[in-house]
Amino acid sequence: MALVTDLLNWLQSLPEPGLVAATGGLVFAECTIGLGFIAPGESGLLVAATTATSVSRFLTLWAVVTVCAALGDSLGYAIGKRFGPRLRETKLIRKYGLDAWDKATGVLERRGAWAVFFARFLPVIRTLTPAASGTSGLPFRKFLPAAAAGAACWSAIHIGIGAALGEAAKKVEGALNTGGLIIVGVLVGVAVYFLLRYKKKKALAVTAEEATPAKIGADD
């Protein structure tokens, strides 16, 4: 059965508004401080991206995910600005992301808005960077353009990867459907051949070792 193809076709048959909205919601949750540790936004985006089989579907998913990611980052920024440095001492940050928080803060101090852009491509750190930006006092007028640009590039790359993986999976499964039995048969045959050859060599070695003492005794 073409399990991968059936799954991809099922995903593509789902109502596009619902699928896109759910993906946007996951991404929004991941970008918000705290929820990024439990919301599989990146994984959900890659799965949903396998349905981007046309330019219109690609652009729709890209636009929604970009907006949701930027909104999630903005909410994280607002949380960081509201609670300030004491946010670092919360149980959630200390348990899951203290090192990442310190790294994000350090990079922000050195790179400013550029750190916001590049942090989008770093797992865990991208979840903490918006709040760290608000805590560090980075002006929102500098934060938002960097966050939006990072979200746009990140979503475009991941949607492209997901769409390519979906097509590749179909082609690979199609090739296995037509020639899979031949390939498997050849591999099994080769494995059996080398296994028999190994056993034969081992048997000959054992026979030679057993024959050597007997020959020595006869010579004596």
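**Group meeting: Arg 120 and its surroundings in an all-helical model**

Good morning. I begin with one side chain: Arg 120 lies over the face of Trp 154, with 4.9 Å to the ring centre. Please keep in mind throughout that this is a predicted model. Arg 120 will return several times in this talk.

Let me first set out the overall architecture. The chain contains 9 helices and 0 strands. Read along the sequence, the pattern is accordingly α-α-α-α-α-α-α-α-α. There are 220 residues in the chain, and buried residues account for 37% of them. The accessible surface comes to about 12,900 Å², and carbon and sulfur atoms contribute 70% of that area. How many of the contacts between residues at least 6 apart in sequence join residues at least 24 apart? The share is 78%.

I now return to Arg 120 and to a partner of the opposite charge, Asp 73. The side chains of Asp 73 and Arg 120 are joined by a polar contact of 2.6 Å. Asp 73 belongs to helix H4, which spans residues 55–83. Is Asp 73 buried or exposed? Its relative accessible area is 4%, under the 20% limit, and Asp 73 therefore counts as buried. Setting aside residues up to four places away in sequence, Asp 73 touches Cys 31, Arg 120, Pro 130, Phe 143 and Ala 147.

One of those neighbours, Ala 147, takes us to helix H9, which covers residues 140–219. Ala 147 is buried, with a relative accessible area of 2%. Beyond residues up to four places away in sequence, Ala 147 touches Asp 73 and Val 116. Ala 147 and Ala 115 are separated by 32 residues in sequence, and their C-alpha atoms are 9.5 Å apart.

A second residue of helix H9 also leads back to Arg 120, namely Gly 150. Gly 150 has 0% relative accessibility and is buried. From C-alpha to C-alpha, Gly 150 and Arg 120 are 5.7 Å apart, although their positions lie 30 residues apart in the numbering. Which residues does Gly 150 contact, once neighbours within four places in sequence are left aside? They are Phe 117, Arg 120 and Phe 121.

Both of those phenylalanines appear again in the aromatic part of the model. Ring pairs link Trp 114, Phe 117, Phe 118 and Phe 121 into a cluster. The count of aromatic pairs comes to 7. Besides Arg 120 over Trp 154, there is a further charge over a ring: the charged end of Arg 82 sits over the ring of Phe 83, 5.2 Å from its centre.

I turn next to the earlier helices. Gly 24 lies in helix H2, residues 16–31. With a relative accessibility of 0%, Gly 24 is buried. Neighbours within four places aside, Gly 24 is in contact with Val 64 and Cys 68. Gly 24 and Trp 62 are 38 residues apart in sequence, and the distance between their C-alpha atoms is 9.5 Å.

Helix H3 covers residues 41–49, and its buried residues include Gly 41, Gly 44, Leu 45, Ala 48 and Ala 49. Where do these residues sit around the axis of H3? Their arc is only 135°, so they are on the same side of H3. The general principle is that an α-helix has 3.6 residues a turn, so residues three or four places apart point the same way.

Ala 48 has a further role in the picture through Thr 51, a residue of the loop between H3 and H4. The side chain of Thr 51 reaches the backbone oxygen of Ala 48 at 2.6 Å. Thr 51 is buried, at 5% relative accessibility.

As a contrast in accessibility, consider Leu 59, which is placed in helix H4. At 45% relative accessibility, Leu 59 is partly exposed. Leu 59 and Ile 159 are 100 residues apart in sequence, yet 9.6 Å apart in space from C-alpha to C-alpha.

To conclude, I return to the starting point. Arg 120 lies over the face of Trp 154, shares a polar contact with Asp 73, and is in contact with Gly 150. Thank you for your attention.

Notes: Residues are numbered from 1 along each chain as its sequence is written. This is a predicted model: local features need pLDDT of at least 70, side-chain atom pairs count only at pLDDT 80 or more; totals for chains, interfaces and linings use all residues. Side-chain values use heavy atoms; hydrogens and water are left out. Helices (H or I, at least four residues) and strands (E, at least two) are DSSP runs, numbered from the N terminus. Buried means under 20% relative accessible area, exposed over 50%, partly exposed in between (1.4 Å probe, protein chains only). Contact means heavy atoms within 4.5 Å. Accessible areas come from the Shrake-Rupley method with a 1.4 Å probe; for residues, only the protein chains shown count as cover. A polar contact is a pair of N or O atoms within 3.5 Å; within protein, one must be able to donate a hydrogen and the other to accept it, and residues adjacent in sequence count only if both atoms are side-chain atoms. The arc is that of the directions from the helix axis to the C-beta atoms. Rings of Phe, Tyr and Trp (its six-membered ring) pair if their centres lie within 6.5 Å; planes under 30 degrees apart count as stacked, over 60 as edge-to-face and the rest as tilted. A charge sits over a ring if NZ of Lys or CZ of Arg is within 6 Å of the ring centre and within 35 degrees of the ring normal.
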